[in-house]
Amino acid sequence: MNQDAKQVVLIKSSPKMTEESTSGLLTDKLENLMKTERLEIYRINVRKSLIQGKTEADFEAMLKADALVFVFPLYVFCLPGMLMRFLQDYYAFGLNRPDRKKTRVYAVVNCGFTEAGINQEAVRVIKSFSQKTNYDFRFGIMIGGGGLLLGAQEAPFMKKTMTELGNSLKQIVYDIKNCPDDRVENISITMNFPRRLYHFMGNRGWFSMAKKNGLQKKDLYRKPYERYTD
Amino acid sequence: MQAILISDKEYQTEAYKRLNQLVTIFLTEKGMKLTETQLDRNDLAFCKGCFGCWIKKPGECVISDAMAQINHGFINSQLAIYLCPVIFGQFSSNIKNALDRCIPNILPFFETRPDGSTMHPARYRSYPKQIIIGYGDDLSEEDRNLFIDITKKHRRNVEVLIYQGNDAEISQALSQMELKKAGDEL
């Protein structure tokens, strides 16, 4: 291990079990960029950490890190409950540890809606967590229309967006490596794609996925709990 | 009139106990039949992002635990009140799990609201009035504002209050609210 290299913990917090996720894709991209810059990386999958009971080892790595990067999807306008569990437990674990460092913290949040700004409150939660832990929150990357990243990242119309996204991820790497003190604003990434078409394709996608499960279009509108109307 | 009360068993502080008592007395005096659920850390599984509640078993979570009963109670109540610890300006994990797993109650599609924002459409014709009451010791102004923004900024059918030990303030705010179903605006 290079003793001089900055140690970074990448915290992927997609609640998905085994399926590919946009958060996984973004974490991979960050990891590749960081390896190029010779940063030491410790990667955490929050679901596995919690379910497999390995939070203690992961929390120890977080306590020793120079930087923490949280990568997660927006869930009902803020952090998934799973990530909140992880943060609450980490806070309790590290509260009285004398070996805590002034760690830099970053957030990369993606949402299915096209408006990148919807992620703002989630970034503020990570900032609040950083304040409570006496860490140095730096900035967040807020991605709208994240549904396009997994399936269409190679498409020609995505080139501009992918370049912007790549540059924003590089900015995290630069910030960790060079430790500038100047304030950095959150970065918004919006897909270069018409919103109406995004909605149309998304809506059609639900019908086609339901059909693969043997359902008809009308089945998607079921009201299983409706007992009465008033 | 039916009401559900959802709270976090992990944060039953003195403030919580007073708040719970205050809300329970208020609802009872209003003639509401109250069902209370106290959520502990292992009571609900985390949402697994499978979308099964939209494309496999529409309207129902595919995970078998207490959430099915909570969602059933929610849809068939006039009022849903959450007593919620404010952690880092957000809902605590136990409460957030319950909110994450409410998504069977809406449709998967995207729609554009009159103000231009995106939302998922309603699955049901009517939803309970939702009141989220945050509590916590020594909450900063920043966290209080964040909690209000998270709760209200993107939703049209939720009321938010923050309890800081002032019983009269909460009682007065509750007494000024219409405690009935809120229609299908989300």
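Select F72(A) and V109(A) in this predicted model: F72(A) stands opposite V109(A), which belongs to strand 4 of chain A. Extend the selection to strand 3 (67-73) and strand 4 (104-110) of chain A; the two pair in the parallel sense over seven bridges. Add helix 4 (81-94) of chain A, and the three elements make a right-handed β-α-β unit.

Stay on strand 4 of chain A, where seven of seven residues are buried. Show its side chains. R104(A), Y106(A), V108(A) and N110(A) point one way, while V105(A), A107(A) and V109(A) point the other way. In a regular strand, side chains alternate between the two faces of the sheet.

Next, select strand 5 (136-143) of chain A. Seven bridges join strand 4 of chain A to strand 5 of chain A, in parallel, and A107(A) stands opposite G140(A) of strand 5. Helix 5 of chain A completes a right-handed β-α-β unit with strands 4 and 5 of chain A. This helix packs on the sheet, touching strands 3, 4 and 5 of chain A, and its direction makes about 165° with that of strand 5 of chain A.

Now show the whole sheet of chain A: six strands, open, parallel, in the order 2-1-3-4-5-6. Its edges are strand 2 (40-45) and strand 6 (187-189), and the twist averages 15° from one strand to the next. At the strand 2 end, six bridges join strand 1 (residues 7-12) to strand 2 of chain A; L10(A) has R43(A) as its bridge partner.

Finally, display chain B. The contact takes 44 residues from chain A and 42 residues from chain B. On chain A, helix 4, helix 5 (120-132) and helix 8 (195-212) each supply at least two residues of the side touching chain B. Coloured by class, that side of chain A has 22 nonpolar, ten polar and twelve charged residues.

Notes: Residues numbered from 1 in each chain as written. Chains lettered and ligands numbered in written order. Predicted model: local features only at pLDDT ≥ 70, side-chain atom pairs only at ≥ 80, totals over all residues. Contact = placed C-beta atoms within 7 Å. Helix = DSSP H or I, 4+ residues; strand = E, 2+ residues; numbered from the N terminus. Nonpolar A, V, L, I, M, F, W, Y, C, P; charged D, E, K, R; others polar. Pairing = 2+ DSSP bridges. Axes fitted to C-alpha atoms, helices over the stretch in contact; angles between N-to-C directions. Buried ≥ 20, exposed ≤ 12 C-beta atoms within 10 Å, placed from the backbone. Right-handed = clockwise from strand over helix to strand, strands pointing away.
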